[in-house]
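Please give me a tour of this structure in the viewer, one selection at a time. I would like to know what to pick at each stop and what is found there.

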Amino acid sequence: MSFQNLKKALLKGTIKVNRMKNSEKSGSSINEEIFRMCLEHGFNFFSTLPGSYNVDLIRKIQTCKEITSVPLVREESGVALNAGAYLGGRKTAMVIQNQGLGNMEGQLLVLNSHLEGSYKFPNLYIISHRGLEGEKIKAQKPMGKETTKILDKPGIKQFLIKDLDDLEKAERMLEEYEKGYTVALTIKPDYSKKSSPNGNEWEKVARKLSGLSFSQIEVQPDMRRYDALSIIMKKIKDEFVISNMGFSSRELYYLKDRDRNFYLTSSLGQTYMLALGLALAIEDIEEKVVCLEGDGGLLMNLGSLTIVADQKPKNYVLIALDNSVYGSTGNIPTYTFKGVNLSALALACGFPKSKILVAGNKNSLYEALDYCLSEEGPFFVHTILKPGNENVPVIPLENSEIKERFMKAVQAARGNAV
Ligand SMILES: Cc1ncc(C[n+]2csc(CCOP(=O)(O)OP(=O)(O)O)c2C)c(N)n1
Ligand SMILES: [Mg+2]
């Protein structure tokens, strides 16, 4: 099948997997063949972070209109982003260099592994493997040596591709993804070859820096997180809700459990990325994605907020529950307590000022919700709260149960939409 026809088939969902003969592969690179293989197997959601030897692959991904591709700023956010996209019915892959694995370990364990307590999301990692024999840069060697072990710990099924002949076996690994397992295809580049050429198409483009014009305001909050959640859940109808770990999820569960709630009980800092993955994956249906994120979570992973602003998902509402403390762990103040302004950070990250709403009291939260649930996003609703937790127990559901139930709700919503 030609590349063009393959892409069309991907869009129509009529792909037939047709294993390539070795003779057909000559002339193309491992990266090219892996991309073709991914498309043939219906992978349609990619997140990427470049290393020297995967730039050609990333360029192919980013210029393929038939799939969703999201450039990352930190690898661990990609694990959560892809999990969200999987919730929304996508087949997910991530292209990185093995140095990034050091940033990802916690998320691999809790989101991708099949260990007890994990959400058991499958994901395909396509990893450029620096630091093996022949590597010229010494600093790549430690991670080169440890890569297998890092992937082993969460039980990720891995296969090292050294040349084109290894692709057949690599392709069989994709069947593991179908069975719900996470797979890593690590690729040993030819270190003697020059890495990918530099792109220079951006050289002449003027850069626009977002304007920073927030003046200081003083707010006397009149709500705790629980009060804000009660108001939010009064306004929520069919929206999908993704909530931050700790008391945010616990309070939500006891306030109003529903199949359309996804409780993240781990992955601090990744709630809004998982919600982004979901929002991008369910643009075909009407329902919005409402994300309940904490100030601690946002500050832990501020860089990736740039991705949300850049992707501009119309169906995305990020509610920052800013109680100025790590509320779920003893109310120790975060930097918002010292005056760091999450709204200003959202603006600096690229959210348009018109989509940043500040809710410092109950009335303004009602108003903000009326607006953002009916208009096109992405919205950043900065909800300024008093510290304090409601005395509610932990959620009695298994994480994998939360995932399965939520995915059924997405499928049902999609079914209703047809
Ligand atoms: C990577 C990581 N670091 C620290 C923790 C411990 N932890 C769990 S919840 C939490 C507080 C989260 O604060 P915030 O996002 O502001 O939410 P709040 O509880 O205030 O609603 C912390 C620090 C963790 N689970 N994971
Ligand atoms: Mg907090």
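Start by selecting valine 325, which is buried because its relative accessibility is 5%, under the 20% cut-off. Keep in mind throughout that the model is predicted.

**The magnesium ion**

Add asparagine 323 to the selection; this residue is buried too, at a relative accessible area of 3%. Now show the magnesium ion (ligand 2), whose protein donors are Asp295 (OD), Asn323 (OD1) and Val325 (O). These donors lie 2.0 to 2.1 Å from the ion. Val325 thus takes part through its O atom, and Asn323 through OD1. Along the chain, the donors of the magnesium ion have the spacing D-x27-N-x1-V.

**Ligand 1**

Keep Asp295 selected and bring up ligand 1. Around ligand 1 there are 15 residues, of which Asp295, Gly296, Gly297, Gly327 and Ser328 come nearest. Three glycines are worth labelling here, each for a distance between a polar backbone atom and an oxygen atom of ligand 1:

- Glycine 296: 2.7 Å.
- Glycine 297: 2.9 Å.
- Glycine 327: 2.7 Å.

Switch on a surface for ligand 1: on its own it has 590 Å² of accessible area, and the protein covers 73% of that. Which elements give two or more residues to the shell around ligand 1? They are helix H12 (295–300) and strand S11 (325–326). H12 gives the most, with four residues.

**The open sheet**

Next, select the six strands that form an open sheet, in the order S2-S1-S3-S4-S6-S5. Their pairing is parallel. Colour strand S2 (68–71) and strand S5 (157–161) separately, as these are the edge strands and each pairs on one side only. Looking across the sheet, the twist from one strand to the next averages 15 degrees.

Zoom in on strand S3 (residues 92–97) and strand S4 (residues 124–128), which pair in the parallel sense over five bridges. For one of these positions, pick glutamine 97 and look across to S4, where its bridge partner is serine 128.

**Helix H3**

Finish at helix H3, residues 30–40. Is this helix mostly covered or mostly open? It is mostly covered, with 10 of its 11 residues buried. Among the buried residues are Ile30, Ile34, Phe35, Met37 and Leu39, and the list also includes Glu33, Arg36 and Glu40. Then step just past the end of H3 to glycine 42, where phi is positive, at about 85 degrees.

Terms used. Residues are numbered from 1 along each chain as its sequence is written. Chains are lettered from A and ligands numbered from 1 in the order in which they are written. This is a predicted model: local features need pLDDT of at least 70, side-chain atom pairs count only at pLDDT 80 or more; totals for chains, interfaces and linings use all residues. Side-chain values use heavy atoms; hydrogens and water are left out. Two strands pair if DSSP finds at least two bridges between them. Axes are lines fitted to C-alpha atoms, for helices over the stretch in contact, and angles run from 0 to 180 degrees between N-to-C directions. Buried means under 20% relative accessible area, exposed over 50%, partly exposed in between (1.4 Å probe, protein chains only). Donors are N, O and S atoms within 2.8 Å of the metal (3.2 Å for Na, K and Ca); water is not among the atoms, so sites may look incomplete. A residue is near a molecule or strand if one of its heavy atoms lies within 4 Å of it. A polar contact is a pair of N or O atoms within 3.5 Å; within protein, one must be able to donate a hydrogen and the other to accept it, and residues adjacent in sequence count only if both atoms are side-chain atoms. Accessible areas come from the Shrake-Rupley method with a 1.4 Å probe; for residues, only the protein chains shown count as cover.
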